[in-house]
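The following paragraphs lead the reader through a protein structure, moving from charged pairs to strands and then to single residues. Please keep the sequence and the model in view while reading.

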Amino acid sequence: MQSNKEVHLSSESKVPVSAYYGSMTFDHKAMRARLPKEVFAALQDTIKAGKKIPESIAGVVAHGMKEWAMEKGATHYTHWFQPMTGSTAEKHDAFLSIDRDGTPIERFSGEQLIQGEPDASSFPSGGMRTTFEARGYTAWDPSSPAFLMKGGNNLTLCIPTVFISYHGEALDSKTPLLRSMDAVSKSAIRLLEILGVNGVTRVKTFAGCEQEYFLIDKKFYTQRPDLVMTGRTLLGALPPKGQQLEDHYFGSIPDRVLEFMQEVEQELYLLGIPAKTRHNEVAPHQFEIAPIFE
């Protein structure tokens with residue numbers, strides 16, 4: 001992976017990360033600038049308490065979010081969720097609407113923000129429903145900020161949501177996580193009360209994920225059917241004992257890999273993801289990125 005190729009950084013890398021960190025998210029700073037003071041306070045209380053957003057402020061929040069996204073160049077929005085397919089799902093809808101007199105206007109209502117109803121018949125349901133009864137609902141998770149996703153020359157407003165059935169069964173990977181966080185919070189509060197600590201209303205759970213990955217040149221990747229079809233190594237033999245190249249661990253990062261890491265980190269910073277650590281892992285072509293726990 002070593003190369004003498006010169007590393008070229010994007011314009012964002014020439015300024016402090018703090019200057020553009022989270023600029024593609026409708027975060028605390030953007031909310032404060034776009035929302036009336038009382039609406040901002042009510043939304044923050046809702047997020048901290050882990051409760052459903054009041055319908056009385058949903059329309060104002062939706063308008064502020066739409067104006068922020070359109071100023072950035074977005075024309076569409078989507079409820080972004082993680083069904084039980086191992087991937088993400090999204091259906092893009094335009095802000096554009098047509099009045100009765102034919103006048104075009106951009107609209108985004110509170111109802112469109114907090115809930116959607118995609119067809120769930122083509123998503124895995126665990127056998128909970130017959131196909132003709134399939135109905136799925138997406139609901140905004142305000143604890144995760146909305147963000148803008150690049151795609152070609154377009155920007156799309158992505159609203160993180162859960163995906164559930166009509167009766168509340170989880171049809172995604174996020175709903176069980178949120179429910180487990182609530183369960184941990186309730187149990188932690190009970191423990192604190194037993195220990196004499198009263199007045200605590202919620203205990204937040206933090207996690208810091210380390211992502212280990214391999215980088216392989218495309219020309220070599222396409223020659224490996226196991227990598228192409230399964231995404232993992234199924235062919236080949238283990239190296240002889242003592243020949244695993246442990247000297248790769250924490251070694252000098254190759255130029256090509258470093259350029260890749262810097263590009264990934266800049267995209268993460270734009271989305272408000274605090275990437276902190278990067279280094280070589282043990283195996284050849286294996287590397288790691290780790291964020292600050294959130």
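In this predicted model, D182 has a relative accessible area of 28% and is therefore partly exposed, since that class lies between the buried limit of under 20% and the exposed limit of over 50%. Its partner in a salt bridge is R202, and the closest N and O atoms of the two are 3.0 Å apart. D182 belongs to helix α6, whereas R202 sits in the loop between α6 and β9 (211-214), so the pair ties together parts that are 20 residues apart in sequence. R202 also counts as partly exposed, because its relative accessibility is 27%.

How many salt bridges does the model contain? The count comes to 10 salt bridges, including one between R34 and E71, whose closest N and O atoms lie 2.5 Å from each other. R34 is part of helix α2 (residues 28-34) and E71 is part of helix α4 (residues 55-72), so this pair ties together parts that are 37 residues apart in sequence. The two partners fall into separate accessibility classes: R34, at 33% relative accessibility, is partly exposed, while E71, with a relative accessible area of 58%, is exposed. Another salt bridge joins the side chains of D99 and R107, at 2.6 Å from N to O. Here D99 is partly exposed at 24% relative accessibility, and R107 is partly exposed at 38%.

Attention now turns to the strands. Strand β6 covers residues 136-140, and four of its five residues are buried, so that the strand is mostly covered. Strand β5 (residues 115-116) is joined to β6 by two bridges, and these strands run antiparallel. Within this pairing, Q115 stands opposite A139 of β6. Strand β8 (residues 154-165) is also antiparallel to β6, with five bridges between them. In that pairing A139 faces V162 of β8. A139 thus has Q115 opposite it in one pairing and V162 opposite it in the other.

Beyond β8, in the loop between β8 and α6 (174-194), lies D172. Which side chain of opposite charge is nearest to D172? It is that of R179, at 7.4 Å, and D172 is buried yet has no salt bridge. The reason follows from the cut-off, because a salt bridge requires the nitrogen and the carboxyl oxygen to be within 4 Å. D172 does have polar contacts: its side chain reaches the backbone nitrogen of F163 at 3.0 Å, and a polar contact of 2.7 Å joins it to the side chain of T175. When neighbours within four places in sequence are left aside, D172 is in contact with Q82, P83, M84, T161, V162 and F163. V162, which stands opposite A139, is therefore among the residues that D172 touches.

A further acidic residue, E265, is found in helix α9 (residues 255-270). Is E265 buried or exposed? E265 counts as buried, because its relative accessibility is 9%. Apart from neighbours within four places in sequence, E265 is in contact with A275, R278 and I289. A275 is 10 residues from E265 along the chain, and the C-alpha atoms of the two are separated by 6.3 Å.

Finally, the cysteines may be considered. A disulfide is a covalent bond between the sulfur atoms of two cysteines. In this model the count comes to zero disulfides. C158 is buried, because its relative accessible area is 2%, whereas C209 is exposed, with a relative accessible area of 56%.

Conventions:
Residues are numbered from 1 along each chain as its sequence is written. This is a predicted model: local features need pLDDT of at least 70, side-chain atom pairs count only at pLDDT 80 or more; totals for chains, interfaces and linings use all residues. Side-chain values use heavy atoms; hydrogens and water are left out. Buried means under 20% relative accessible area, exposed over 50%, partly exposed in between (1.4 Å probe, protein chains only). Contact means heavy atoms within 4.5 Å. A disulfide is a pair of cysteine sulfur atoms within 2.5 Å. Two strands pair if DSSP finds at least two bridges between them. Lys and Arg count as positive and Asp and Glu as negative; His and the chain ends are not counted. A polar contact is a pair of N or O atoms within 3.5 Å; within protein, one must be able to donate a hydrogen and the other to accept it, and residues adjacent in sequence count only if both atoms are side-chain atoms.
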